[in-house]
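Student: I would like to go through this model and ask why things are called what they are called.

Tutor: Then let us look at it together.

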Amino acid sequence: ASVQVRLFAVARAKAGTEMISCQPASLASIIENISSHGDLASVLPQCSYLVDGFACTDLNTQINANSTIDVLPRF
């Protein structure tokens, strides 16, 4: 099972897709993994992250299979 990463606003535009699937890992590892999609790396440092609907600021948080991460750029 995988983790679904949903992209919004400018993050979606930079990545060229609205969703990316990846393997369970720490939030930091997942962010690093998705940064290679399009020009997503340029906006990720300014984004907020929701894990299963809850704000997550600890990049060491382990993300489990079947979780959803929302990537929210500054508005």
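Student: Which two strands form a hairpin, and how many residues lie between them?

Tutor: Strand 4 and strand 5 form the hairpin, with 2 residues between them. Before going on, note that this is a predicted model, in which local features need pLDDT of at least 70, side-chain atom pairs count only at pLDDT 80 or more, and totals for chains, interfaces and linings use all residues. Residues are numbered from 1 along each chain as its sequence is written, and side-chain values use heavy atoms, with hydrogens and water left out.

Student: What makes a stretch a strand or a helix?

Tutor: Both are DSSP runs, numbered from the N terminus: a helix is H or I over at least four residues, a strand is E over at least two. Strand 5, for example, covers 54-55.

Student: How do you know that strand 4 and strand 5 pair?

Tutor: Two strands pair if DSSP finds at least two bridges between them. Strand 4 and strand 5 have 2 bridges and pair in the antiparallel sense, so they meet that rule. Leucine 50 has alanine 55 in strand 5 as its bridge partner.

Student: What is unusual about aspartate 52 in the turn?

Tutor: Aspartate 52 has a positive phi of about 50°. Most residues other than glycine have a negative phi. Alanine 9, in helix 1, also has a positive phi of about 50° although it is not a glycine.

Student: Why is aspartate 52 called partly exposed?

Tutor: Buried means under 20% relative accessible area, exposed means over 50%, and partly exposed is in between (1.4 Å probe, protein chains only). The relative accessible area of aspartate 52 is 43%, so the residue counts as partly exposed. Alanine 9, at 44%, is partly exposed by that rule.

Student: Which side chains of strand 4 are buried?

Tutor: Tyr49 and Val51 are buried and point to one face, while Ser48 and Leu50 point to the other and are not buried. In a regular strand the side chains alternate between the two faces of the sheet.

Student: What is the order of the strands in the sheet?

Tutor: The sheet is open, has 5 strands in the order 2-1-7-4-5, and its pairing is mixed. Strand 2 (19-22) and strand 5 stand at the edges with a single partner strand each, so one side of each has no neighbour in the sheet. Strand 1 and strand 2 pair in the antiparallel sense over 4 bridges, and valine 5 stands opposite isoleucine 20. Strand 4 and strand 7 also run antiparallel, joined by 4 bridges, with serine 48 opposite leucine 72.

Student: Why is the contact between aspartate 70 and arginine 6 called a salt bridge?

Tutor: A salt bridge is a side-chain nitrogen of Lys or Arg within 4 Å of a carboxyl oxygen of Asp or Glu. The closest N and O atoms of aspartate 70 and arginine 6 are 2.6 Å apart, so the pair qualifies. Aspartate 70 lies in strand 7 and arginine 6 in strand 1, 64 residues apart. Aspartate 70 is buried at 8%, whereas arginine 6 is partly exposed at 34%.

Student: How many salt bridges are there by this rule?

Tutor: The count comes to 2. Aspartate 39 and lysine 14 also form one, at 3.5 Å from N to O. Aspartate 39 is in the loop between helix 2 and strand 4, and lysine 14 is in helix 1, 25 residues apart. Aspartate 39, at 38%, is partly exposed, and so is lysine 14, at 32%.
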